[in-house]
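Trainee: I would like to learn how to read a model of this kind, going from pairs of strands to a sheet and then to the chain. Could we work through it step by step?

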Amino acid sequence: MRRRKVLEKRNSKVDYKKPPIPRGFEHICGKWNNGFVIECKFNRCQFVWVPVGALKANGTLDGRSFSEKFGRRPFKDEDEFSADKFHEQVTAELSMQVESVRKYGGFYISRYCISKYAPSKKPMSVKGMFPWTGMDFSHARMFAEWFESSSEVSSHLMYGAEYDTVMEWIIESGAKTWKEVVKYSSNWGNYWNSPEAARCIATLGSRKEWCVNNIFDLAGNVKEWTQERFDDCYHVLRGGSHYDDGVSHPVVKRTPIRNDYVYYGAGLRVTLCLK
């Protein structure tokens with residue numbers, strides 16, 4: 001397969017079917033429409049391409065216009081975007097990601113929840129480790145930013161717009177039904193009522209049943225911090241954990257939590273911004 005360097009052909013037509021591969025990474029498996037996986041040659045961390053260009057224009061960044069392929073989706077009635085409830089603050093970082101998605105047609109999400117390499121405390125996206133939990137919002141955001149920083153790519157804690165775009169891709173690709181994503185996720189996540197329940201936090205990538213479009217452990221296991229806001233003092237956790245059930249906490253679930261609360265049932269996932 002011909003590789004596209006991130007810095008090449010900036011003015012060419014966007015082709016989300018040919019994911020760009022940043023310098024220092026290599027493609028290891030999957031196709032653009034079912035989980036195109038790249039791996040860092042240095043630390044073996046893995047990321048999955050989300051082909052935003054293939055999606056319907058039904059998302060929003062401002063809560064008013066729902067004509068974006070990349071953006072928030074109110075999957076449940078209580079998710080409605082508003083200034084005093086669930087909303088996305090369009091920061092300089094998010095604006096850069098919006099431009100990156102328009103330029104390249106998609107973005108990369110960590111294949112696994114972030115774990116911690118013990119000797120250096122370096123964040124990792126690898127199989128077989130336990131999720132990194134026990135942090136408040138500011139630390140989750142800081143650890144995500146540590147992940148990757150170069151002239152070609154940077155990393156950040158997931159935004160609600162990114163999380164919802166991944167959910168929309170899972171539905172539109174046919175990997176899971178709308179009901180499995182929005183109403184009942186027990187059949188593809190580590191919940192207490194899952195058919196494959198681990199009854200505790202499981203190691204990352206431990207079961208193929210918990211993988212969708214080559215992304216592992218989105219549903220269940222641990223909730224995930226995002227940069228979506230509830231108000232000035234609260235940010236939003238997504239999904240459920242091993243002690244939740246897949247009906248009350250399906251993968252799209254939004255849970256407000258105080259920014260300064262150290263939560264041991266939540267981890268984080270990062271996304272890459274291609275420059």
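Trainee: In which sense do strand β10 and strand β11 pair, and over how many bridges?

Mentor: Please keep in mind that this is a predicted model. Strand β10, residues 223-231, and strand β11, residues 234-238, pair in the antiparallel sense over four bridges. To follow the register between them, take E224, which stands opposite R238 in β11.

Trainee: Which strands form the open sheet, and in what order?

Mentor: The open sheet is formed by four strands in the order β12-β11-β10-β13, and its pairing is mixed. At the edges stand β12 (254-258) and β13 (266-268); each has a single partner strand, so one side of each is left without a neighbour in the sheet. If direction is ignored, neighbouring strands of this sheet are turned by 55 degrees against each other on average.

Trainee: Which helix packs on the sheet, and which strands does this helix touch?

Mentor: Helix α2, made up of residues 137-146, packs on the sheet and touches β10, β11 and β13, while its direction makes about 120 degrees with that of β10.

Trainee: Let us turn to a single side chain. Is K223 buried or exposed?

Mentor: For a single residue, one compares its relative accessible area with a cut-off, and under 20% counts as buried. K223, which lies in strand β10, has a relative accessible area of 3% and is therefore buried.

Trainee: With which side chains does the side chain of K223 make a polar contact?

Mentor: The side chain of K223 makes one polar contact with the side chain of D244, at 2.7 Å, and another with the side chain of Y263, at 3.4 Å.

Trainee: Then there is the chain as a whole. How many helices and strands are in the chain?

Mentor: The chain contains four helices and 14 strands. Its radius of gyration is 17 Å, close to the 19 Å that the globule rule gives for 275 residues, so the chain is as compact as a globular protein of that length. Taken along the principal axes, the box filled by its C-alpha atoms is roughly 45 × 45 × 35 Å.

Trainee: What share of the residues is buried, and what share of the contacts joins residues 24 or more positions apart?

Mentor: Of the 275 residues in the chain, 56% are buried. Among contacts with a separation of 6 or more, residues 24 or more positions apart account for 61%. As for the surface, the chain exposes about 11700 Å², of which carbon and sulfur atoms supply 52%.

Note on methods
Residues are numbered from 1 along each chain as its sequence is written. This is a predicted model: local features need pLDDT of at least 70, side-chain atom pairs count only at pLDDT 80 or more; totals for chains, interfaces and linings use all residues. Side-chain values use heavy atoms; hydrogens and water are left out. Two strands pair if DSSP finds at least two bridges between them. Helices (H or I, at least four residues) and strands (E, at least two) are DSSP runs, numbered from the N terminus. Axes are lines fitted to C-alpha atoms, for helices over the stretch in contact, and angles run from 0 to 180 degrees between N-to-C directions. Contact means heavy atoms within 4.5 Å. The radius of gyration is taken over C-alpha atoms; the globule rule is 2.2 Å times the number of residues to the power 0.38. Buried means under 20% relative accessible area, exposed over 50%, partly exposed in between (1.4 Å probe, protein chains only). Accessible areas come from the Shrake-Rupley method with a 1.4 Å probe; for residues, only the protein chains shown count as cover. A polar contact is a pair of N or O atoms within 3.5 Å; within protein, one must be able to donate a hydrogen and the other to accept it, and residues adjacent in sequence count only if both atoms are side-chain atoms.
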